[in-house]
Structure formats: structure tokens, C-alpha cells
There are 2 protein chains.
Amino acid sequence: MLQPPPADPGMSVDDIDTPALVLDLDAFHANLDLMANFAARTGVKLRPHAKTHKSPVIAKMQMARGAVGQCVQKVGEAEILAWGGVADILVSNEVVSPRKLARLSALSGIAEVAVCVDAAEGVRRLEAAAESAANRLTALVEVDVGSGRCGVATKSEALALAQMIAASPRLRFGGLQGYHGAAQHQRSPEDRRKSIADATGAVAALVEELRGIGLDCGIVSGAGTGTFELEASSGVYSELQVGSYIFMDADYGRNRPAPPFRQALFVLSSVMSAGRSGAAVIDAGHKAVAVNSGLPLVWNRPGATYVGASDEHGKLVLEPGSEPARLGDRVWLAPGHCDPTVDRHDWYVGVRGTRVECLWPVAARGAMA
Amino acid sequence: MLQPPPADPGMSVDDIDTPALVLDLDAFHANLDLMANFAARTGVKLRPHAKTHKSPVIAKMQMARGAVGQCVQKVGEAEILAWGGVADILVSNEVVSPRKLARLSALSGIAEVAVCVDAAEGVRRLEAAAESAANRLTALVEVDVGSGRCGVATKSEALALAQMIAASPRLRFGGLQGYHGAAQHQRSPEDRRKSIADATGAVAALVEELRGIGLDCGIVSGAGTGTFELEASSGVYSELQVGSYIFMDADYGRNRPAPPFRQALFVLSSVMSAGRSGAAVIDAGHKAVAVNSGLPLVWNRPGATYVGASDEHGKLVLEPGSEPARLGDRVWLAPGHCDPTVDRHDWYVGVRGTRVECLWPVAARGAMA
């Protein structure tokens with residue numbers, strides 16, 4: 001059951017029910033524009049990651065500014081985007097269950113769909129799904145560029161998989177996926193530069209070898225909000241799959257320098273208990289704001305710090321001399337990590353200044369299969 | 001948008017799509033019975049906490065075994081239960097926004113509803129909501145029995161609030177709420193016994209003083225799965241608001257001794273990448289299983305350990321000599337923390353042995369307001 005929206009368009013920000021996922025539309029549009037301009041200036045294509053926003057509405061805003069399509073991690077996310085009219089989708093992840101592959105294959109009728117593989121058995125499963133649906137699927141080889149998660153570890157494995165894909169009458173070789181997740185939150189620019197230099201070097205060599213055996217990489221996709229300038233300038237990545245730049249979060253804010261985007265995403269909460277001096281309890285715990293990458297930051301309330309999250313409660317500490325908390329006080333939180341925070345909520349409340357401008361569903365909320 | 005169910009009744013457990021929230025029905029029913037029998041034997045009432053399960057289906061199973069009603073933390077949860085036919089609901093938490101209080105007040109027509117307060121301003125807000133709806137609300141005073149979160153800190157504050165409630169023509173004094181959250185996961189039985197002895201001592205003294213001024217506590221509610229035997233034997237708590245006992249989780253499993261319940265709740269996942277010897281990647285990261293109280297435990301796969309969660313991926317390490325991972329292998333996870341894990345999912349898949357027996361919606365999933 002979808003939860004009722006916590007606000008109505010036109011109402012005052014003061015009347016939004018809490019906890020609520022609030023989008024500062026001015027900051028959000030500035031972030032959209034900044035990345036779109038960067039891509040236009042550098043000539044690299046933008047295929048933003050919908051695992052961050054889970055919304056066809058936001059996907060289309062990105063595409064109206066020049067993005068070539070969307071990335072997703074899950075078939076359920078691909079469905080929501082395709083059904084919402086997004087015509088070009090890359091599943092930047094492995095899909096191995098026959099049921100999910102059948103669902104993905106079924107989307108080919110309404111959208112360009114591509115998916116990643118990192119094993120011969122994965123290629124065989126893709127082939128079987130395409131065979132069963134009597135269509136053809138595009139597959140990218142995922143290479144591990146340093147995260148030690150999915151992706152083939154060696155150039156020879158990548159070459160073998162690419163050839164296996166290209167040889168299949170049911171598959172198309174789409175290129176390479178090489179996302180360095182671990183580099184995104186390396187705090188120092190030197191560490192990030194080193195990580196991405198290693199990644200782009202390996203990917204460039206692989207692209208060259210593939211070209212040598214007659215296989216062109218239509219797509220070379222990777223990058224995130226912490227490193228996108230590095231992949232863009234590499235000359236080898238053709239697409240940036242940045243996600244968090246539209247919202248930002250406290251964890252990206254800890255990079256040095258922080259990515260050049262404004263904090264646009266907030267969880268709005270209220271003080272529900274204020275009996276102790278120097279402390280307060282708010283109605284947003286970790287069911288409302290993800291804490292896996294650190295606690296949220298209290299926004300625009302000097303001296304107040306979010307010090308502990310339980311399921312439904314957040315504890316604030318208030319420095320001596322700071323504004324005392326009163327029951328019902330509104331507290332704005334910048335989430336530690338934007339993606340999983342969005343995934344907790346059914347609605348975006350879009351605000352401009354003091355006014356609620358729009359409500360958008362987090363349409364692919366919970367699309368984990 | 002509700003996600004499609006990951007299984008159908010009657011299918012084999014092997015065909016459940018992943019990640020999925022799976023309930024071992026034998027273990028679940030054993031847990032329901034064990035707690036119901038405990039309550040019947042000791043004479044204490046059971047008002048289980050629906051923040052754990054968020055399901056009227058499960059609420060009614062608890063009530064069919066003698067539970068007097070349900071606890072919730074949020075008005076949205078109270079709505080889902082009341083609309084689903086649960087007739088007696090305690091919001092074991094403060095509610096301060098006029099909109100939420102109006103919604104709560106509106107439920108009085110179809111259910112007994114009570115709510116907690118810990119401030120005079122909270123009492124005034126309750127009164128205004130009841131006045132506006134032309135009805136009468138039951139209020140319990142929450143006392144802080146050691147968690148340092150919500151609740152009044154002193155006996156004199158509690159007495160003053162109880163008198164304020166009792167004096168209001170729009171309110172009824174319902175009793176006391178005294179939940180010691182911090183004690184639930186104290187690992188040693190001595191620490192838990194000491195915490196709950198302090199709590200029950202303070203609550204008993206307060207109940208006595210209230211009786212002295214003519215105020216009877218209809219309800220004295222508290223306890224959790226880590227300490228319920230202690231509150232039950234105290235003679236002062238009349239109701240147990242245990243939640244997690246129906247499911248269990250890895251964090252409760254670390255108590256010494258562990259609570260006497262079976263692990264009934266699992267996240268079923270699949271291996272999606274298995275290219276590295278001694279490791280595997282599964283399709284359940286922290287969007288599918290809460291990690292705020294520790295990583296999930298791999299169930300029934302000796303030598304396999306869940307060592308890292310990212311948004312959509314879980315990393316397993318496989319001990320030398322243990323079964324190697326193959327693409328598509330099914331991996332059962334016992335969540336670190338059951339409540340927020342349930343809140344990530346739209347469906348319970350109830351299984352008995354190797355067969356899917358039922359699908360139930362997590363009806364109040366995301367009900368955070």
C-alpha cells in the first residue's frame with residue numbers, strides 16, 4: 001500500500017507532515033544544469049543512474065537536458081522507467097535469474113535495453129532468455145576496475161566474454177561497464193586520481209585489444225559523483241553514469257574538495273520530545289533516513305547535532321547557548337547517503353522557497369528484484 | 001507503486017525471486033505460541049508491537065492467541081491496523097502534529113486508540129484534537145525508564161501530566177508507558193536484570209503515588225524481546241509490548257542467553273557474481289536487509305560469511321574448503337535487525353518446508369508519519 005503524500009502542492013513548507021523526503025527544487029535544478037553543461041562542454045555522454053532517484057519524472061528532466069538514457073541496477077527499476085517512457089536503459093549490473101531475464105527481455109519492445117555480464121554462464125542465461133522471447137539482447141562486459149565486487153578480473157576473461165557475446169545470434173556486444181565504486185568516497189583528490197588512472201588505463205588497454213579483434217565498444221560506461229571529471233577526461237569512457245549529483249549527501253560532502261553540487265535532498269523532521277535541556281528527540285530515525293554512510297547532518301540549525309538513530313527516533317544534542325528545542329520544531333536533515341534514503345520513501349515533496357510546488361512518487365521505491 | 005510479489009502460493013521455494021523477505025511459517029507459529037503460552041501462564045497481557053511486522057494479518061494471529069491489542073509507533077501504522085480490523089491500538093509514542101492527531105482521532109470511531117505524552121504542550125495538543133473531532137482520547141504518560149529518549153525524567157513531572165490528563169474533559173488517563181529500549185540488547189543477563197529492576201522499581205513507585213491521588217493505571221506497558229520475562233515477573237507491568245519475538249534476528253541472537261525463539265525471518269538472496277575463488281557477490285545489499293545493527297548472518301551454508309553490504313550488493317567470503325559459489329546459488333540471510341528489514345519489503349513470502357504457502361503484504365511498509 002502506498003503511503004498518503006505528506007503534503008499538497010501549494011501548501012506552505014510549514015505544513016508538510018513529517019518525516020518527509022523534501023527536494024529543494026532550486027538546488028536540484030542547479031545540479032541538473034551543472035552536470036548537463038559539464039557533459040555538453042566535454043562531449044562525454046550522460047546516462048545518469050536511476051538507482052539514486054527511482055523516478056521517471058526525474059529521468060526525463062535529465063534527458064531533456066541531453067542525457068542519452070538511464071542506468072539502473074535492478075530489473076524492477078528498468079520496468080518502472082520503461083513503463084514511464086524512458087526509451088534507453090542500461091542495467092549496469094548482472095541479472096542471472098530466468099524470471100528476471102524474461103521480464104527484462106519483455107521490455108525490449110518498448111525500450112532499448114542493455115545488461116551486464118561477468119561470466120560465461122551469465123552469457124548463456126542471457127542467450128536463453130533472448131531465445132525464449134525471440135528477440136535479441138545487448139550485453140556489456142563488466143570489468144572490475146578496483147572495487148573487488150562484480151566484473152571480470154582479467155583482460156583475457158573480458159576478451160573471451162566479449163567474443164562469446166559477439167558470436168551469439170541472440171546477443172549484441174554493447175561494450176564495457178567499469179564503475180569504480182570504491183573510489184567515489186576516497187577523501188583526497190590524489191587517491192581518487194590514482195584509482196581512476198588505474199581504472200581508465202586498464203579499460204583503455206582492453207578497448208584497444210577488443211578493437212584489434214574487430215569488436216567495437218559502443219558504450220564504455222562508468223564514473224560516479226565523486227570522480228566523474230576524471231573518467232570524462234580519460235578519453236576512453238564514453239558515458240558517465242553519475243547518480244548522486246542531483247541530490248548530494250553528507251558523505252559526498254566529506255570528499256576533499258566536495259563535488260560541486262548543492263545539497264538538494266532533505267528529510268524534514270519534527271521535534272517530538274523536548275523535555276531535556278540540551279537535547280531533543282525528532283521523529284526521523286533510520287527507517288526515515290539511511291545511516292549506513294553516517295548519520296544525517298542537521299541543516300540550518302546552528303549548535304544542533306544528530307547523534308543517534310533508532311528505528312523511529314533521532315536524538316539531537318543542542319550545544320549550550322543554541323536555540324532550545326520546542327515541541328513541533330521543524331528540523332531539516334541532510335542525509336548521510338541519498339540513494340537508500342530515497343528508497344525508504346513513497347513521495348518526493350518538491351519545494352521552492354517556502355511553498356510546496358509538486359509531489360512526485362518515488363515510483364521504483366522497493367524495486368529490489 | 002507496490003512491487004509485484006516475488007512468488008506465488010504453491011510454488012517451490014527454489015522459484016522465489018530474489019531478494020525476497022521469507023517467513024519460515026513453522027518457526028513463526030512456534031514463536032507466536034511460545035509467547036502466547038508465556039503470557040497465559042504468567043497472567044500478564046500481551047500487546048505485541050506492530051512496528052516489527054506492519055501487518056494486520058500477523059496482528060490478528062497474535063490476537064487469536066490471546067493478545068489484547070497492538071502497539072504501534074506511528075499514526076500511519078495505527079491506520080493500517082484499524083482499517084484491517086484491529087480494534088485496540090496503543091501508539092506507544094508521542095504524536096504532536098495537528099494533522100497526525102486529527103488522523104489518530106478519526107480512528108476512534110472504529111478502534112480503541114490510546115497515545116503517549118511526555119509534555120504539557122503534548123497534552124494540550126491532544127486535547128485540541130479531541131475537541132476538534134468532538135471525541136475523547138486516551139493518553140498514557142511515557143516515563144523514561146533508562147533509555148534517555150522520550151518520556152518524562154522525574155516522578156513529579158509524571159504526576160503533573162497524569163493529573164492534567166485526568167482533569168481534561170476531552171481526555172482519559174490510560175496509564176503509563178515505560179519501555180527500556182537500551183536494555184533489550186545488553187548482552188549479559190545481569191546487566192539486563194539490573195536495568196529492568198531499576199525500571200520496574202521506578203514505575204512501581206509511580207503507580208503507587210498515582211493510586212494515592214486517585215489515579216489508577218489501566219495500562220502499564222513496556223518490555224521487549226530481550227527482557228520480557230523480567231517485566232512480566234515485576235508485578236507492576238500489566239502489558240508486554242514485545243515485537244521481535246515473532247521473527248528474531250542476529251542482534252537478539254547475540255544476547256546471552258539468546259531469547260528462546262527460533263529464527264523465522266530471512267532475506268533470500270542469489271549469487272549474481274562468482275568469478276573470484278573464496279568470494280561471491282549476492283543480490284541483497286542494504287536496500288534489502290538492514291545493517292544498522294550488524295550485517296546479516298548467512299544461514300545453513302557453512303564457511304560462508306556476509307562481510308560487506310553496498311546498496312544493491314552483498315559480499316560473501318567463503319572459507320577454504322567450503323562449497324564454492326555458483327551463479328544463481330540461493331543464499332539465506334538472517335537479518336541483523338528484523339524491524340527495519342521488514343520495512344524495506346512489500347511482501348512476506350510464507351514458506352513451509354520447500355513450498356510457498358502464502359503471500360502477505362507488509363501493509364504498513366513505509367508508514368513513517
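Start with both chains in view: chain B is superposed on chain A by a rotation of 180 degrees with 0.0 Å of shift along its axis, at an RMSD of 0.0 Å, where the fit is by least squares on the C-alpha atoms of residues with pLDDT of at least 70 in both copies. That is the relation of a two-fold axis. Now select the interface residues, counting as contact any heavy atoms within 4.5 Å; 100% of those in chain B are also interface residues in chain A, so the copies meet through the same surface.

This is a predicted model, in which local features need pLDDT of at least 70 and side-chain atom pairs count only at pLDDT 80 or more, while totals for chains, interfaces and linings use all residues. Residues are numbered from 1 along each chain as its sequence is written, chains are lettered from A and ligands numbered from 1 in the order in which they are written, and side-chain values use heavy atoms, with hydrogens and water left out.

Next, select the strands of chain A, remembering that helices (H or I, at least four residues) and strands (E, at least two) are DSSP runs numbered from the N terminus, and that two strands pair if DSSP finds at least two bridges between them. You will find an open sheet of 8 strands with parallel pairing, in the order E2-E9-E8-E7-E6-E5-E4-E3. Its edge strands, E2 (45–46) and E3 (70–72) of chain A, each pair on one side only. Within the sheet, strand E6 (residues 137–142) of chain A pairs with strand E7 (residues 171–177) of chain A over 6 bridges in the parallel sense, and Leu140(A) stands opposite Gly175(A) in E7(A).

Staying in chain A, select helix H5 (residues 98–106) and helix H6 (residues 120–133), which pack at an angle of about 55 degrees with their axes 9 Å apart. Where do H5(A) and H6(A) meet? Pro98(A), Leu101(A) and Ser105(A) in H5(A) meet residues of H6(A), among them Arg125(A) and Leu126(A).

Finally, move to chain B and select strand E16 (residues 347–352) and strand E17 (residues 355–361), which pair in the antiparallel sense over 6 bridges. Trp347(B) stands opposite Pro361(B) in E17(B), and the two strands, E16(B) and E17(B), form a hairpin with 2 residues between them, where Gly353(B) in the turn has a positive phi of about 60 degrees.

Note on methods:
Axes are lines fitted to C-alpha atoms, for helices over the stretch in contact, and angles run from 0 to 180 degrees between N-to-C directions.
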